[in-house]
Amino acid sequence: VQLQASGGGLVQAGGSLRLSCAASGSIFSVNAMGWYRQTPGKRRELVAITVDGGSTNYADSVKGRFTISRDNAKNTAYLLMNSLKPEDTAVYYCVAHLRERIGSYEDVYWGQGTLVTVSS
């Protein structure tokens with residue numbers, strides 16, 4: 001299983017970016033997909049996650065500005081980030097909780113990080 005993340009880059013404060021994360025490989029079911037972020041010297045923190053059934057959870061710092069969505073047919077998650085702030089600058093990592101085969105346990109997979117830089 002691989003997670004391919006894309007969409008990071010440099011944007012001015014107040015701007016928008018959309019991150020994508022596509023899961024591929026041997027996948028039976030995807031139970032949740034989401035995004036974490038990390039800055040140097042800090043722990044990786046949850047940004048947003050969407051679970052099967054459509055419920056979502058956001059970090060307080062991004063509520064009202066970020067929107068997570070998922071295309072189940074494509075095993076792809078998206079993170080639309082609006083009204084970006086310099087403090088949103090971080091490496092963003094996508095994550096998927098999925099089962100590779102019928103009867104297998106759920107496992108957690110991480111994508112490579114994508115850098116988001118918000119200039120003031």
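The exercises below work through three buried residues and one strand of a predicted model.

**Exercise 1. Decide whether T76 is buried or exposed, and describe its surroundings.**

Step 1. Locate the residue: T76 belongs to strand β8, which covers residues 76–81.

Step 2. Apply the cut-off. A residue is buried if its relative accessible area is under 20%. The value for T76 is 7%, so T76 is buried.

Step 3. List the contacts. With neighbours within four places in sequence left aside, T76 is in contact with C21, A22, M33, S69, R70 and D71.

Step 4. Look at one of these partners along the chain. M33 is 43 residues apart from T76, yet their C-alpha atoms are separated by 8.2 Å.

Step 5. Check the side chain of T76: it reaches the backbone oxygen of K74 at 2.9 Å.

**Exercise 2. Find which strands pair with β4, and in what sense.**

Step 1. Define the strand. β4 comprises residues 29–38, and 8 of its 10 residues are buried.

Step 2. Take the pairing with β9, residues 90–99. The two strands run antiparallel and are joined over 9 bridges. Within this pairing, Y36 stands opposite Y93.

Step 3. Take the pairing with β5, residues 45–51. This is also antiparallel, over 6 bridges. Here A32 stands opposite V51.

Step 4. Examine the link between β4 and β5. The two strands form a hairpin with 6 residues between them. In the turn, G41 has a positive phi of about 80°.

**Exercise 3. Determine whether S29 is buried or exposed, and which residues it contacts.**

Step 1. Place the residue: S29 is in strand β4.

Step 2. Compare its relative accessibility with the cut-off. Buried means under 20%. S29 has 18%, and therefore counts as buried.

Step 3. Name the contacts. Apart from neighbours within four places in sequence, S29 is in contact with H97, L98 and R99.

**Exercise 4. Work out where T114 lies, whether it is buried or exposed, and what it touches.**

Step 1. T114 lies in strand β11, residues 114–119.

Step 2. Its relative accessible area is 10%, so T114 is buried.

Step 3. Not counting residues up to four places away in sequence, T114 touches G7, G8, L19, W35, A90, V91 and Y92.

Step 4. For G8 there is a distance to add: its backbone nitrogen lies 3.2 Å from a polar atom of the T114 side chain. A polar contact requires N or O atoms within 3.5 Å.

Notes:
Residues are numbered from 1 along each chain as its sequence is written. This is a predicted model: local features need pLDDT of at least 70, side-chain atom pairs count only at pLDDT 80 or more; totals for chains, interfaces and linings use all residues. Side-chain values use heavy atoms; hydrogens and water are left out. Helices (H or I, at least four residues) and strands (E, at least two) are DSSP runs, numbered from the N terminus. Buried means under 20% relative accessible area, exposed over 50%, partly exposed in between (1.4 Å probe, protein chains only). Contact means heavy atoms within 4.5 Å. A polar contact is a pair of N or O atoms within 3.5 Å; within protein, one must be able to donate a hydrogen and the other to accept it, and residues adjacent in sequence count only if both atoms are side-chain atoms. Two strands pair if DSSP finds at least two bridges between them.
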